[in-house]
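Reader: I am new to reading protein structures, and I would like to learn how the labels are earned. Could you take my questions one at a time?

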Amino acid sequence: MQSEVLEWSAGFTAFCARFAHRFSRVESRRRMAAYVRGPLGEVVRKNGWTLAEAAGDAGPEGMQRLLNFYSWDCEGLRDDVREVVVETIGDADKGVLIVDETGFLKKGTRSAGVARQYSGTAGRIENSQIGVFLAYASDRGRALIDRELYLPKAWTEDRDRCRTAGIGDEVAFATKPELAQTMIERALDAGVPFWWFTGDEAYGQVGKLRLWLESRGVAHVLAVPKSQMVISMELRQRRAHAVIADLPATAWQRINCGDGAHGPRLYDWAVVDIRPLRERGRGHWLLARRSITDPDEIAYYICYGPADTEPAELVRVAGSRWAIEECFQTTKNETGLDHYQVRGYPAWYRHITLSMAAAAFLTILRRGAQKGDLQPVPEI
């Protein structure tokens with residue numbers, strides 16, 4: 001056990017060395033390493049005070065300077081984290097990009113982007129910030145690789161309020177699907193090896209996003225509401241639930257869409273072709289997932305990809321969306337994603353990115369455990 005700890009420690013040092021060029025001063029580099037190491041320890045509440053104590057500091061001022069004052073390249077660090085994740089669990093044939101949002105409950109009105117808005121974390125409308133995240137998943141693991149803070153219009157229409165929170169005048173209002181598109185575009189430009197993209201109804205029901213994905217050749221399986229209009233093979237506009245309701249009982253297959261905490265996730269699935277006017281070699285489908293215990297509980301997905309895609313592959317991608325929920329759980333519980341005490345816009349990005357970096361290191365360790373060894377940290 002002691003030898004393993006020594007290997008982990010050496011691996012962590014090499015891991016942080018990958019990011020050193022993003023920090024212009026020795027002090028900020030050391031603070032970064034301490035900030036990332038802190039959540040990996042046994043500290044329960046991973047805020048400025050506890051991270052400072054874990055680093056041997058008398059107070060949180062040093063950690064606060066890292067988030068609020070030191071000059072360092074946060075966007076570059078994000079790119080480095082993405083690169084580490086891809087090197088560790090990348091799979092060009094099975095890789096999936098997943099988008100989703102998570103809430104950060106907050107008090108007051110001064111934290112960047114805070115507003116009374118629906119938070120999936122709370123399951124209701126609460127005073128909160130909303131972060132939109134992009135995750136990467138494959139059979140080898142899963143991890144967050146990008147992030148954006150959603151700013152409601154009440155913020156972007158009040159530039160004085162924005163400036164007070166450190167939000168530059170160049171930052172305009174963007175919907176959550178637009179933030180998702182920005183992150184997907186970054187992944188494409190960086191050459192991230194993936195085959196599919198998936199997300200929930202908040203993103204799937206946005207036709208503009210789906211058309212953009214098609215224009216970039218990005219295969220996708222996106223959840224949509226039952227009322228979603230689709231073009232049937234008879235060139236008729238019909239609601240998704242009506243198209244599925246016309247299918248015979250034999251169209252449904254019981255398929256495991258991935259193992260969860262309680263074993264296989266079994267559902268009944270059906271798939272039907274839609275949109276007969278299509279580009280050569282590409283297919284469009286409407287996929288439905290029906291609960292075994294409650295046949296009236298049906299979820300719907302619009303799918304696009306290679307024409308020879310098997311239904312089981314569409315099911316696999318639809319099931320992979322849960323991976324980002326696991327990422328949120330891991331980063332919140334283990335690397336302090338939601339334990340921050342900052343209000344400013346740049347500081348939010350800095351804390352979130354450092355938390356993602358700590359989670360990426362855990363991904364390396366877990367991948368090493370899967371392979372039966374302690375995988376070395378990839379070289380630059």
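Author: Gladly! Let us start with a definition: Ala, Val, Leu, Ile, Met, Phe, Trp, Tyr, Cys and Pro count as nonpolar, Asp, Glu, Lys and Arg as charged, and the others as polar. Please keep in mind that this is a predicted model.

Reader: With those classes in hand, what makes up the lining of the largest cavity, by class?

Author: The lining has eight nonpolar residues, one polar residue and no charged ones. Its members are Ala251, Gln253, Ile255, Trp269, Ala270, Val271, Leu287, Pro311 and Val315. Gln is not named among the nonpolar or charged types, so Gln253 counts as polar.

Reader: Why is this space called a cavity, and how much space lies in it?

Author: A cavity is a set of points where a 1.4 Å probe fits but cannot get out. About 40 Å³ of space lies in the largest cavity, and the count of cavities of 30 Å³ or more comes to one.

Reader: Which elements supply at least two residues each of that lining?

Author: Those are strand 9 (253–260), strand 10 (263–273) and helix 12 (311–319). Strand 10 gives the most, with three residues.

Reader: Now for single residues: why is Thr156 called buried?

Author: Buried means under 20% relative accessible area. Thr156 has 11%, so Thr156 is buried. This residue lies in helix 6 (residues 153–156). Leaving aside neighbours within four places in sequence, Thr156 is in contact with Leu151, Cys162, Val171, Ala172 and Phe173.

Reader: Cys162 is on that list. How do you know whether Cys162 and Cys257 are buried or exposed?

Author: The cut-off of 20% applies again. Cys162 has a relative accessible area of 0%, so it is buried. Cys257, at 5%, counts as buried too.

Reader: How many disulfides does a search of the whole structure find?

Author: It finds zero. To count, a pair of cysteine sulfur atoms must lie within 2.5 Å.

Reader: What makes a group of residues a nonpolar core, and which residues touch the most other members of the largest one?

Author: The members are buried residues of listed nonpolar types, joined through side-chain atoms within 4.5 Å. The largest core has 96 residues, and Phe15 and Phe133 touch the most other members. Helix 14 (residues 345–371) gives the most to this core, with twelve residues. A second, separate core of 14 residues includes Val224, Val230, Ala240 and Tyr300.

Reader: And how many of the residues of the protein count as buried?

Author: Of its 380 residues, 53% do.

Methods
Residues numbered from 1 in each chain as written. Predicted model: local features only at pLDDT ≥ 70, side-chain atom pairs only at ≥ 80, totals over all residues. Heavy atoms only, no water. 1 Å grid on protein atoms, 1.4 Å probe; cavity = no way out; pocket = protein on both sides within 12 Å on 5 of 7 lines; lining within 4 Å. Points joined across faces, edges and corners; volume = space filled by probe spheres on them. Helix = DSSP H or I, 4+ residues; strand = E, 2+ residues; numbered from the N terminus. Buried < 20%, exposed > 50% of the residue type's maximum accessible area, 1.4 Å probe, protein only. Contact = heavy atoms within 4.5 Å.
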